Amino acid sequence: MLEFLPPLNDHNLPWMDTLHPIVVHFVIAMGLIAFVFDLIGTLAKKPALFEVSFWNLLFATTAIFVAIIFGQVEAGLADPYGKSSEILNLHTTIGWSLAGVLSLMSAWRYVIRSRDPQQLPLSFLGAGGLLSALIVLQVSLGNQLIWVYGLHTVKVVEAMRAGLV
């Protein structure tokens, strides 16, 4: 399938720069803000915030599948080295897991919203807290891949092409 992509540039990508981190920021922001709105809505007894949270959760769920598509292509072209290979595998596993968790939480939230949009069970709030922790872990792993190991940076790609890494 990779033969259908344009030639690779100095980032070892068929497009100008990495797109996965750009799309992932939508997932991070919307996933975390959904939990924050749920928390504030529960504590301040403002159920209107539950509606905002619901839509953020739906967009985060949609965005994660777009992020996974770009992430899988860019991971396939990354040629990880050393410990970055382990981190990339864990990052990939957690990314797919997050897609499942977000999908289940969106479905669960849809049912809750259909029955009573003014109430939010504490169990859902707890699940939102766990989802937020998983997102933070995923961000940490992604940051290591970029800022520690430099995957898809020009210098690392040049070193790999020269056989130095």
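**Exercise 1. Two positive phi values**

Task: Decide whether Lys 45 counts as buried or exposed in this predicted model, then do likewise for Asn 12.

Solution:
- Step 1. Start with Lys 45, which sits in the loop between H1 and H2. Its phi is positive, about 55°, although Lys 45 is not a glycine.
- Step 2. Exposed means over 50% relative accessible area. Lys 45 has a relative accessibility of 69%, so it counts as exposed.
- Step 3. Now turn to Asn 12, found in the segment before H1. Here too is a residue other than glycine with a positive phi, this one near 60°.
- Step 4. The cut-off for buried is under 20%. Because the relative accessibility of Asn 12 is 15%, Asn 12 counts as buried.

**Exercise 2. The chain as a whole**

Task: Work out which elements build the chain, and how far the predicted coordinates can be trusted, going by the mean pLDDT.

Solution:
- Step 1. Count the elements: the chain has five helices and zero strands. Along the sequence this reads as α-α-α-α-α.
- Step 2. Look at the dimensions. Along the principal axes, the C-alpha atoms fill a box of roughly 60 × 30 × 20 Å.
- Step 3. Consider burial and contacts. The chain has 165 residues, and 39% of them count as buried. Among contacts with a separation of 6 or more, 77% are between residues 24 or more positions apart.
- Step 4. Check the confidence. The chain has a mean pLDDT of 95, with 99% of its residues at 70 or more. Of the elements, H3 has the highest mean pLDDT, 98, while helix H5 (residues 154-161) has the lowest, 91. Keep a general caution in mind: where pLDDT is low, predicted coordinates should not be read in detail.

**Exercise 3. Following H4**

Task: Compare the reach of H4 with its expected span, and find which helices its buried residues pack against.

Solution:
- Step 1. H4 has 27 residues, and from its first C-alpha to its last it reaches 38 Å. At 1.5 Å a residue, 39 Å is expected, so the two values are close.
- Step 2. List the buried positions. Among them are Leu 131, Ser 132, Ile 135, Gln 138, Leu 141, Gly 142 and Leu 145. A general point helps in reading such a list: an α-helix has 3.6 residues a turn, so residues three or four places apart point the same way.
- Step 3. Find the partners: the buried residues of H4 pack against H1, H2 and H3.
- Step 4. Look just past the end of H4, where Gly 150 takes a positive phi of about 65°.

**Exercise 4. Two buried residues and their contacts**

Task: Find what Phe 124 is in contact with and what Asn 56 touches, leaving out residues up to four places away in sequence.

Solution:
- Step 1. Phe 124 belongs to helix H4. With 1% relative accessibility, Phe 124 counts as buried.
- Step 2. Beyond its sequence neighbours within four places, Phe 124 is in contact with Asp 38, Leu 57, Met 105, Trp 108, Arg 109 and Ile 112.
- Step 3. For a sense of distance, take Val 66, 58 residues from Phe 124 along the chain; their C-alpha atoms are separated by 25 Å.
- Step 4. Asn 56 is in helix H2 and counts as buried at 16% relative accessibility. Outside its neighbours up to four places away, Asn 56 touches Met 30, Ile 33, Ala 34 and Phe 37.

**Exercise 5. Empty space**

Task: Describe the largest cavity and the largest pocket, with the residues that line each.

Solution:
- Step 1. Searching the whole structure gives one cavity of 30 Å³ or more. The largest cavity has a volume of about 50 Å³.
- Step 2. Its lining includes Phe 124, Asp 38, Leu 57 and Met 105. H1, H2 and H4 each give two or more residues to this lining, which divides into six nonpolar, four polar and one charged.
- Step 3. The largest pocket holds about 730 Å³ of space. It is lined by 34 residues, with His 20, Pro 21, Val 24, His 91 and Gly 142 the closest to its centre.
- Step 4. Helices H1, H2, H3 and H4 each supply two or more lining residues of the largest pocket. H4 makes the largest contribution, eight residues.
- Step 5. Sort the pocket lining by class: 18 residues are nonpolar, 14 polar and two charged.

Terms used:
Residues numbered from 1 in each chain as written. Predicted model: local features only at pLDDT ≥ 70, side-chain atom pairs only at ≥ 80, totals over all residues. Heavy atoms only, no water. 1 Å grid on protein atoms, 1.4 Å probe; cavity = no way out; pocket = protein on both sides within 12 Å on 5 of 7 lines; lining within 4 Å. Points joined across faces, edges and corners; volume = space filled by probe spheres on them. Helix = DSSP H or I, 4+ residues; strand = E, 2+ residues; numbered from the N terminus. Nonpolar A, V, L, I, M, F, W, Y, C, P; charged D, E, K, R; others polar. Buried < 20%, exposed > 50% of the residue type's maximum accessible area, 1.4 Å probe, protein only. Contact = heavy atoms within 4.5 Å. pLDDT = per-residue confidence, 0-100.
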